[in-house]
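Biologist: I would like to learn how to read a model of a single chain, feature by feature. Could we take the general idea each time and then the case at hand?

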Amino acid sequence: VYRICAGKKRFLRKIPLCSALSNAENCDRLINTERMCIIMELTFQQVTDTEIETLAALADEIWHEFFPGIISDAQVDYMVEKFQSAPAMRQQIAEGYRYYLVYAGAELIGYTGVHPEEELLFLSKLYLKKQHRGHGYGRKMIEFVAGLARELGKSGVYLTVNRYNENTIAVYHATGFETVRTQVADIGNGYVMDDYVMQLAV
């Protein structure tokens with residue numbers, strides 16, 4: 001376990017997940033291990049094959065709670081199976097995606113997923129369980145993703161978000177994301193994703 005503060009450059013090669021966050025004002029805010037990063041009270045654990053089933057169960061729970069009312073139940077079922085099932089995410093990780101389980105203390109509260117691209121980091125997924133929304137955890141998760149983008153030498157982070165997901169769009173705007181365009185993507189079976197594309201400079 002390493003603690004990092006501004007100027008502790010000798011630690012950077014040992015803690016790749018969070019070295020971009022080494023300018024934190026308070027050293028106690030950040031603790032790092034090989035696959036784990038702690039920011040304030042949140043712990044980010046990178047998912048390997050061992051945690052895939054846990055991740056898939058969490059995704060299924062959150063998606064079926066959150067998305068009804070934004071998209072149909074049938075589309076939620078389809079998208080979870082196509083994009084957030086254990087086989088789907090196992091394949092994504094093989095293709096370079098990184099998923100992180102997010103803990104508050106010992107409690108699993110959410111997850112995030114990213115994919116490094118040529119100039120930007122794609123923020124593919126960022127979700128919290130219902131009871132943990134509205135406590136500032138989403139902002140801390142975005143801070144983690146922005147730090148990871150800097151760590152990887154990317155100039156920014158971009159994401160797609162459903163155009164009718166108003167509360168989430170407001171959170172992204174509050175954390176510095178800007179809407180750059182709209183897009184409609186055909187995902188098969190008669191369904192589309194009707195999204196804003198948003199971007200954050202880091």
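Modeller: What follows goes from the whole chain to its cores, helices, single residues and pocket.

Biologist: What kind of model is this, and how many helices and strands does the chain have?

Modeller: The model is predicted. The chain contains five helices and ten strands.

Biologist: What share of the chain counts as buried?

Modeller: Of its 202 residues, 49% are buried. The accessible surface is about 10,200 Å², and carbon and sulfur atoms account for 48% of that surface. As for contacts with a separation of 6 or more, 57% of them join residues 24 or more positions apart.

Biologist: Next, the cores. Which residues have the most contacts inside the largest nonpolar core?

Modeller: A nonpolar core is a set of buried nonpolar-type residues, Tyr and Trp included, joined through side-chain atoms within 4.5 Å. The largest one here has 29 residues, and L55, W63, F67, Y99, L101 and Y111 make the most contacts inside it. Two or more residues come from each of α1 (52–66), α2 (73–83), α3 (86–94), β5 (98–104), β6 (107–116), β7 (120–128) and β10 (191–201). Helix α1 is the top contributor, with eight residues. There is also a second, separate core of 27 residues, which includes Y100, V114, V145 and M198.

Biologist: With which residues is F67 in contact, leaving aside its neighbours within four places in sequence?

Modeller: F67 is in contact with V76 and Y127.

Biologist: Now a helix. Why do the buried residues of α5 line one face?

Modeller: The way to read this is to look down the helix axis and see how far the buried residues spread around it. In α5 (residues 166–174), the buried residues are T168, I169 and Y172. They fall within an arc of 100 degrees seen down the axis, so they line one face of the helix. The other side of α5 has E166, N167 and A174 exposed. Cover for the buried residues includes α1, β7, α4 (137–151), β8 (156–162) and β10. Just after the helix, G176 has a positive phi of about 105 degrees.

Biologist: Which residues are buried in α3, and what do they pack against?

Modeller: In α3, A86, A88, M89 and Q92 are buried. Their arc around the axis is only 160 degrees, which puts them on the same side of the helix. They pack against α1, α2 and β5. P87 and A94 are exposed on the face turned away from the buried side. G96 follows α3 and has a positive phi, near 110 degrees.

Biologist: And which residues of α2 are buried?

Modeller: Q75, V76, M79 and V80 are buried in α2. Within an arc of 130 degrees seen down the axis, they line one face of the helix. Their cover includes α1, β9 and β10.

Biologist: For single residues, is E81 of α2 buried or exposed?

Modeller: The reading rests on relative accessible area, where buried means under 20% and exposed over 50%. E81 lies in α2 and has a relative accessible area of 57%, so the residue is exposed. Its C-alpha is 8.8 Å from that of D60, 21 residues apart in sequence.

Biologist: How does M193 count, at 24% relative accessibility?

Modeller: M193, in strand β10, counts as partly exposed. Leaving out residues up to four places away in sequence, M193 touches M79, Q183, V184, A185 and I187. Its C-alpha and that of I71 are separated by 9.4 Å, although the two residues are 122 apart along the chain.

Biologist: And S124?

Modeller: S124 is in strand β7 and is buried, at 14% relative accessible area. Beyond four places in sequence, S124 touches Y97, G113 and V114.

Biologist: Last, the pocket. Which residues lie nearest the centre of the largest pocket?

Modeller: Rolling a probe the size of a water molecule over the atoms shows where empty space is left. The largest pocket holds about 1,000 Å³ of space. Of its 43 lining residues, L126, Y127, N165, T168 and Y172 lie nearest the centre. Elements giving two or more residues to this lining are α1, α2, β7, α4, β8, α5, β9 (178–188) and β10. Strand β7 gives the largest share, seven residues.

Terms used. Residues are numbered from 1 along each chain as its sequence is written. This is a predicted model: local features need pLDDT of at least 70, side-chain atom pairs count only at pLDDT 80 or more; totals for chains, interfaces and linings use all residues. Side-chain values use heavy atoms; hydrogens and water are left out. Buried means under 20% relative accessible area, exposed over 50%, partly exposed in between (1.4 Å probe, protein chains only). Helices (H or I, at least four residues) and strands (E, at least two) are DSSP runs, numbered from the N terminus. Contact means heavy atoms within 4.5 Å. The arc is that of the directions from the helix axis to the C-beta atoms. Accessible areas come from the Shrake-Rupley method with a 1.4 Å probe; for residues, only the protein chains shown count as cover. On a 1 Å grid over the protein atoms alone, a cavity is a set of points where a 1.4 Å probe fits but cannot get out, and a pocket is an open set with protein on both sides within 12 Å along at least five of seven lines; lining residues have an atom within 4 Å of a point. Grid points are joined across faces, edges and corners, and a volume is the space filled by probe spheres set on the points.
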